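Colleague: I would like a close look at a single part of this model, set in the context of the chains around it. Could you take me through it step by step?

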Amino acid sequence: MNARLLLSDGTVFDGLSLGSPGTSVGEVVFNTAMTGYQEILTDPSYHYQLVAMTYPQIGNYGVNPLDVESRSIFANGFIIREYSPVVSNWQADLSLDEYLKQYNIVGISEVDTRALTRHLRDHGAQMGMITTDTAPVNELLETLRSSRTLVGSNIVQEVTTEAPYDWPLDTPAANLDALPYRVAVYDFGVKYNILRLLQEAGCRLRVFPAHTPHEDILAWNPDGIFLSNGPGDPEPVKKAVASVRALLGKKPIFGICLGIQILGLALGGRTTKLKFGHHGANHPVKHLPTGRIEITSQNHGFVVDIDSLPKDDIKITHINLNDGTLEGFKHKSLRAFAVQYHPEAAPGPHDSRYLFQQFIEDMK
Amino acid sequence: MPKRNDIKRILVIGSGPIVIGQACEFDYSGTQACKALREEGFIVILVNSNPATIMTDPEFSDRTYIEPLNVEALERIIEKERPDVLLPTLGGQTSLNLAVELSESGILEKYDVELIGATLETIQLAEDRDLFRNAMKEIGMNVPEGGCVNTLEEAEAILEKIRFPLIIRPAFTLGGIGGSVVYNREEYADAVRWGLSASPVTEVLIEESVLGWKEYELEIMRDGADNFVVVCSIENLDPMGIHTGDSVTVAPAQTLTDREYQAMRNAAKKIVTRIGVETGGANIQFAVDPKTGEMVVIEMNPRVSRSSALASKATGFPIAKIAAKLATGYRLDEIPNDITQKTPASFEPTIDYVVVKIPRWDFEKFPGNSNRLSSQMKSVGEAMGIGRTFKEALNKTLRSLENGWSGFHANGNSNYDTMDKEALIEDMRFGTPDRLLKIWRAFSLGMTSQDVFKITDIDIWFLQHLYQLYAFEKEIAGAWQATGSLEPALLRKAKQYGFSDQHLGLLLDKPETDIRKMRIDAGVVPSYKIVDTCSAEFESFTPYFYSTYDQENESVPSSNKKVIILGGGPNRIGQGIEFDYCCVHGIMALRSLGIEAIMINCNPETVSTDYDVADKLYFEPLTYEDVLNVIDLEKPDGVIIQFGGQTPLKLALALEKSGVPIWGSSPNSIDLAEDRDRFGALLTSLNIPAPRWGTARSLAEALKVGETIGFPLMVRPSYVLGGRAMEIVYDAAGLEKYMTQAVTASEDHPVLLDRFLEDAFEFDVDAISDGDQVEICGIMQHIEEAGIHSGDSMAVMPPYLLSLAQHDDLKEYTRMLARALDVKGIINIQYAILFDTIYVLEVNPRASRTIPFVSKVKGRPFAKMAVEIMAGKTLKEIGYTYQRELPYVAVKESVFPFDRFEKADIYLRPEMRSTGEVMGIGPNFGQSVFKAFQATNIAVPQSGVVFISVNDSDKNRMIPIAEGLHALGWEIAATSGTATLLSNRGLPVRTVLKVNEGRPNIVDDITNGEIHLIIKTPLGRRSREDEFAIGWAAIKHRVPFITTLSAAESILRGLRDYGATPFEHKCLQEYYKN
């Protein structure tokens, strides 16, 4: 079946339908990771985005039950160059196409993803639509242009958990209580691998909905508070910003991705939208205290403006070497730090896992 | 940590002659390194024995020593040059091993030279199999069961613990030499013995093989601050069991999940940290069990390798250049990424295409040897293809190999059409050079990819893609049959799958040109995409392109004056680095003339495919279709075809017919020189003598020609390179055998017969012409008598047996021929002199294999001058005139791959079989020739036991050689006949037994290390087996084996001079000053 990808500026790419037929709208972003499509699809941060993979051969190793980052696929659509109907990996239990269909995800293959990437790079990220609908382009564009945009929308509420839960899932609480550090996780769209790594580091985890008031968090009596990654624009997630502001100084705080943005806003900083964001697994980040380079996994369209942070209170710890944007900071007096990139990787290099240990140190 | 300021002078050691396992990829890395180091203001002292390299061009280093790569020469150079540091990680295994020797012998300490790039400890940890295994276990890595041994007894003991099949790998070797896979005890002892003798430290690793497991490589870089990046992952299509240099490989890895890939990356990081690769590149090999995902470490190289050259070309990340900078103190984040210019080198390239590399073999030159592939590398070159998908890249690479393959297709190819299923299955089980085509044949016999998987263990992902290609052929053919046309969409899909026009032509039974026209009419033309290290995330500034059939074209032709140079494609015997040397010079000349230089080539090992050499690089197959596509887009002012060897010449007429402006000598001139009838007529009209000749299209015709001309005859098929299937026949019976067994003569493919001038002396002349003035570049005399391919024979400049009158005649003939052929650029002519008559043997109106050697000796860049001429300059304007005198002597000696082919006939013949060359340069012949011998991999010792065995006709000439060696203190051993003769002359001789005379015989003596030099001329077919046995024993035990008396005489002169005068080690810059 034929499918089309439309961008809100009117650019159209032809291709073949992948996954479910239908129409799906979201912000179009490209990801330059060469492996890890399953993790990317299930990363809640991709909610309301159509993800284009720059690596052209996708589906090679199928999907498996282990490499999931959440309860579902969250990307709104998937854009690739060539789909591999052949699955070759000992762990695989489904093909990618079957997987997309299972979650009703609309995808498109046979797209010149490099041309798309160059277009987004030069013209900036924009809204797009994948559709198998054969209606005239004008009609489709009208629908697309009337869809809500990412900027200004609080889409965290669409991915956060409805009720608190403990991690690992389905584990009796008694088995968890032996873990030494109680950590409350603000779920803005948390990736499972963050939870896995925190637990491995000795954290007894409870995951709370994004809108949980700070009093409820403190009532659980945590040793530390974790601010998770999540999709979209941090600015509208006002409730969480207020909660974090109230929690600052009370407990050690560690934030990742959207977590750094929420923390930044709570400290009085500003966030801005990047032209086409950072989505990939090869971004060099410099850890300023040691000068060491970490090759990092990244996935964000917004960033905390370095100059907007209160200089006297904040120490910049990490910088992106490609474009000089903020990748990490810590509070000079309060136990709070955060990074913009993804130390939990999944997908991506494991260079930055020391940060989880750093959080543990803060809680000691 | 910025650049170190305590370093001023850096010694760089190259990799020496091109051999199997160590080819021109090290010229690429060495050249990059020298450039990078000089850019930083360091004084670079380079030592490399290979004159055919770009890196040994005097402009790439401050002090260029073309000297033997041994401790002795290096010590003198170090003593003279006083480098602060030695960088050994860019010259392959040769350089690394030499660094170890220099270090262990105390020379580095004595002269206070620091090793940079890798410490002694690092090299030993990585290269010593035992230390490496232990280090791996220490950091929790899995390695296959096994252990290291230094003796046969230890090897027997180890069998208690492990199970067959086993892999045997010698320590400190290159290209898996001496390595094997053994399946039983019987093979075991032999394999261990061989491995021990191949290892310079007499150590082999014996491990349970993980045959059939998936094989991966990671190319990594690490700096002094522990920053680590993976440049590229590579997955081998051929599973474990076949040397990675002989495997079809694919980048990036295709069938690993991110979790598995990161586990491999983490392992790599741990490994390089443990081994201590502090500044530079390394490569680590892993095997993965396809059933469980279990991963084991196979080996690592703490240096730039063949794979890193491939990884650099595959990603655009210049590993060698960065490695050189890291070694001098920089950190990864202090070096900019050339391609994006805005981002640092401390990142991991991400690519948005697929790269396939397929090796190229020359088994047909070594008849009698099995072409099955194993753990010992045997390929002589490789082609790389880039496409947006695996299918496209694979097809592009297949047609880049110049094997006559148009893609993944074997129909109509008589080698496969008749192959039955059983034979096919048996053959597919092992790797062979054409396994991919056999898989096609298997599909055509109804086998599925699962069936093929069971036989080959090739991952199903690859096989299923191959099957898609096979099935698509049916779709195309079906559509054509049904409608008599192809929908543009289907045609585009075919092109996206990488189908060549020629391949489609085979399917539709149409000429390639018809398909081309149909395709262009349908608007199906390629788009070109940039190799940019970042999948288009950042704007790139590097004009490195590949073709595909996607939507957007990124190559925007300029309006500049521009010229395309066609490269030489994959290396093979007869067409190697020398041609890339010429291409690179051509590019440099164009650029200095202000002309945009555009390179097309598909060989990832070369300097010409470095993205910053030309103004624009198209990494494309050198086929009519792919070349013309670039020409259609670029619309160049000229195309240069005379530098890339035979590859572009084959396209010459077709390109000219398509209206392409050819620069330099015209295709007609080339054809005139190649076409025997036309050329014969030309020589007659010029009154230049040539051996009597004839052509034959059948056996009867051949016999008739033989009768008219007389024997012996030099016979060969027309239009060949490197003397393929060229032989000397001595009588009608020999001719009959040749015509019936060696070649298939036909109307279109006649056999050429020339009277062979026995005992003539041969000369190679390179000259340059602007169409009017003709000047000699150099005259080389072959040291061996006629009958040995010019690419294989030893040659000396200036010639030592050429009278002034003969010299002037050579000059005059050369001038006449260049004028008659209207040469614009370079011409190479081979002459023979017999009884004072000069004969022309062959004329090539193009850059020859000897141009780099002549340029190095003369200190003049002839390939560059040729381009200036093509651009319209005259020789007068360039300011070159030939000078006969040369205040020094240079000798070129060839290097052979016989150590990889057990059944190789080591006597030199008209068919070229050498893979590389070395040069010895010095004040006189003796010194130069001795250096040249030293520079080959098998050096002649100063004294010891020489075994002499010559045929009757050589006996008299041999006596003074024996006497001379005796006078120098050599002991002489000989078989009975020769021994008697020498004893009668009063020489003390030890008699040894021939192979069939009992034990211990000569082979035992060689094996026991009791023979140090062999002088043995061919005794004829009767003693063939004997000769094979002696030859192979000599090769295995690295005993120099001299097969002609001329070479023996040269060695004697060298040995005499060696004792008499201290050797001079001067750099080219010093030689040129005089």
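Modeller: Before the detail, the setting: in this predicted model, the secondary structure of chain A amounts to 10 helices and 19 strands. Chain A has a radius of gyration of 20 Å, close to the 21 Å expected from the globule rule for 364 residues, so chain A is as compact as a globular protein of that length. Its C-alpha trace extends over about 60 × 45 × 35 Å along the principal axes, and 60% of the 364 residues of chain A count as buried. Of the contacts in chain A with a separation of 6 or more, 76% are accounted for by residues 24 or more positions apart.

Chain B, for its part, contains 38 helices and 39 strands. The radius of gyration of chain B is 28 Å, close to the 31 Å that the globule rule gives for 1074 residues, and chain B is therefore as compact as a globular protein of that length. The C-alpha trace of chain B spans about 80 × 70 × 65 Å along its principal axes, while 60% of its 1074 residues count as buried. Where contacts in chain B link residues at least 6 apart in sequence, 70% of them join residues at least 24 apart.

The two chains meet through 46 residues of chain B that are in contact with 41 residues of chain A. On the side of chain B that touches chain A, helix H9 (258–275) and H17 of chain B each supply at least two residues, and H9(B) gives the largest share, six residues. Sorted by class, that side of chain B has 16 nonpolar, 16 polar and 14 charged residues.

The part I would single out here is Ser88(A), which sits in the loop between strand E7 (82–83) and helix H2 (96–102) of chain A. Ser88(A) counts as buried because it has 21 C-beta neighbours inside 10 Å, the threshold being 20 or more. Leaving aside residues up to four places away in sequence, Ser88(A) touches Asn60(A) and Tyr61(A), and also Thr255(B), Asp459(B), Ile460(B) and Trp461(B). By contrast, 36 Å separates the C-alpha atom of Ser88(A) from that of Arg292(A), 204 residues away along the chain.

From these contacts one can turn to helix H16 (residues 449–456) of chain B, in which Ser449(B), Val452(B) and Thr456(B) are buried. Viewed down the axis of H16(B), the buried residues fall within an arc of 60°, so they line one face of the helix. Those buried residues pack against helix H14 (421–429), helix H15 (435–444) and helix H17 (460–483) of chain B, whereas the face of H16(B) turned away from the buried side carries the exposed residues Gln450(B) and Lys454(B). Just after H16(B), Asp457(B) adopts a positive phi of about 65°.

Elsewhere in chain B, an open sheet of four strands follows the order E24-E27-E25-E26, with antiparallel pairing. Its edge strands, strand E24 (693–696) and strand E26 (727–729) of chain B, each pair on one side only, and neighbouring strands of the sheet are turned by 30° against each other on average, direction ignored. Within the sheet, five bridges join strand E25 (residues 713–717) to strand E27 (residues 751–755) of chain B, the two running antiparallel, and Leu713(B) stands opposite Arg755(B) in E27(B).

Note on methods. Residues are numbered from 1 along each chain as its sequence is written. Chains are lettered from A and ligands numbered from 1 in the order in which they are written. This is a predicted model: local features need pLDDT of at least 70, side-chain atom pairs count only at pLDDT 80 or more; totals for chains, interfaces and linings use all residues. A residue is buried if 20 or more other C-beta atoms lie within 10 Å of its own, exposed if 12 or fewer, and partly exposed in between; C-beta atoms are placed from the backbone. The arc is that of the directions from the helix axis to the C-beta atoms. Two residues are in contact if their C-beta atoms, placed from the backbone, lie within 7 Å. Ala, Val, Leu, Ile, Met, Phe, Trp, Tyr, Cys and Pro count as nonpolar, Asp, Glu, Lys and Arg as charged, and the others, Gly among them, as polar. The radius of gyration is taken over C-alpha atoms; the globule rule is 2.2 Å times the number of residues to the power 0.38. Two strands pair if DSSP finds at least two bridges between them. Axes are lines fitted to C-alpha atoms, for helices over the stretch in contact, and angles run from 0 to 180 degrees between N-to-C directions.
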